[in-house]
Amino acid sequence: MRLIRGMAVTLAVGAALGAAAAVVNSVPLLLGEGGIARADRGTWSQTAEFASLILDSGWAWAAMAVAVGWLVSRDLRPVVGVLAGAVAGCVALIDATIVYDAVPMLFPFHQGLGWGQMPFWLVASLVLGMPLGAIGATIRRPDPVGMLAALVAPVGAAVNMVVLPPPVESPVADAARLTVWVAAAMATVLVLVFAVRARRRGARDSGAVAAAGALDDNVGGVVGRS
């Protein structure tokens, strides 16, 4: 039952990202500004373009796969959690890809499903979704491996801004790039802070266990001598 709920959440998250990315991409066309230069478009089109540069980027889709892997692995045994996370990452990306191409059919200017590119992205979802989902499940490990897994999404976002930055001709490119850099930096700091706290907590717990063991030995010795 838990896995069924997890898969339902996975489908919902994937569909939400795919639909949101498709809608914000279509806003200029819906407003009749598709043929206007980006810098001359209205406020709503500019806002939609900013959202598009965030939602329709590779790092956002990869982070979604990591997130659903983390979500579905809750309360599961480590091995089962990683397997469930891998499946969830794959399903979420496939779901998002199909919804992304299907949503424009609701608008009057649609040109049908993008079957030409869809097979490529479906294969990419299968190949990349499984390791990304598994990484999301690995975040739950209370050790350095879990910390490194948690850094994959923010580091990936930063790398994306270097390798494939927003197009320079977009008037909101700098704002989108700055937003991603700040979000990635904040997420990295939070991961490191939580990792340090977990390590300190583990050290305190180990010390308490050792002290309790020493106390038991001392009490046992005293009782034995008595």
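How are H3 and H6 oriented to each other, roughly parallel or roughly antiparallel? In this predicted model, the axes of helix H3 (residues 58–72) and H6 cross at roughly 170° and come within 9 Å. Since angles over 145 degrees count as roughly antiparallel, H3 and H6 are therefore roughly antiparallel to each other. The crossing in which H3 passes H6 is right-handed. On the H3 side the contact is made by Gly58, Trp59 and Ala63, and on the H6 side by Ala153, Gly156, Ala157, Asn160 and Met161.

It helps to set this pair in the context of the whole chain. The protein has seven helices and zero strands, and its pattern along the sequence reads α-α-α-α-α-α-α. Of its 226 residues, 33% count as buried. Among contacts with a separation of 6 or more, 74% are accounted for by residues 24 or more positions apart.

Each partner of the opening pair can then be taken in turn. H3 has 15 residues, and its first and last C-alpha atoms are 22 Å apart, close to the 21 Å expected at 1.5 Å a residue. Buried residues of H3 include Trp59, Ala60, Trp61, Met64 and Ala65, and Val66, Val68, Gly69 and Val72 are buried as well. Trp59 thus has two entries in this account: Trp59 is buried, and Trp59 takes part in the contact with H6.

H6 covers residues 144–163, and its 20 residues should span 28 Å at 1.5 Å a residue; the end C-alpha atoms are 27 Å apart, which agrees. Along the way, H6 bends by about 35° at Val152, with a proline, Pro154, following within four residues. Pro154 is buried, and so are Gly146, Ala149, Ala150 and Leu151 in H6. Further along H6, Ala157, Ala158, Asn160 and Met161 are buried too. Of these, Ala157, Asn160 and Met161 are among the H6 residues that make the contact with H3.

Two of the buried H6 residues also meet a residue of another helix. Thr138 lies in helix H5 (residues 118–138), and its relative accessible area is 17%. Buried means under 20%, so Thr138 is buried. Leaving aside neighbours within four places in sequence, Thr138 is in contact with Gly146 and Ala149, together with Val82 and Val145.

Met161 offers a link to the next helix. The C-alpha atoms of Met161 and Leu178 are separated by 9.3 Å, with their positions 17 residues apart along the chain. Leu178 is placed in helix H7 (residues 173–225). With a relative accessible area of 56%, Leu178 is exposed, whereas Met161 is buried.

A second helix pair is formed by H1 and helix H4 (residues 78–102), which pack at an angle of about 35° with their axes 7 Å apart. H1 passes H4 in a right-handed crossing. Residues of H1 in this contact include Leu3, Met7, Thr10, Leu11 and Gly14, while those of H4 include Ala88, Val91, Ala92 and Asp95.

Thr10 gives a closer view of this packing. The residue sits in helix H1 (residues 2–30) and is buried, with a relative accessible area of 1%. Not counting residues up to four places away in sequence, Thr10 touches Ala88, Val91, Ala92 and Asp95, which are among the H4 residues in the contact with H1. Thr10 also touches Val68 and Val72, and both of these are buried residues of H3.

Methods. Residues are numbered from 1 along each chain as its sequence is written. This is a predicted model: local features need pLDDT of at least 70, side-chain atom pairs count only at pLDDT 80 or more; totals for chains, interfaces and linings use all residues. Side-chain values use heavy atoms; hydrogens and water are left out. The expected span of a helix is 1.5 Å times one less than its number of residues. The bend at a residue is the angle between axes fitted to the seven residues ending there and the seven starting there. Buried means under 20% relative accessible area, exposed over 50%, partly exposed in between (1.4 Å probe, protein chains only). Contact means heavy atoms within 4.5 Å. Axes are lines fitted to C-alpha atoms, for helices over the stretch in contact, and angles run from 0 to 180 degrees between N-to-C directions. Angles under 35 degrees count as roughly parallel, over 145 as roughly antiparallel, 65 to 115 as roughly perpendicular and the rest as oblique. A crossing is left-handed if the near helix is turned anticlockwise from the far one by less than a right angle, and right-handed if clockwise.
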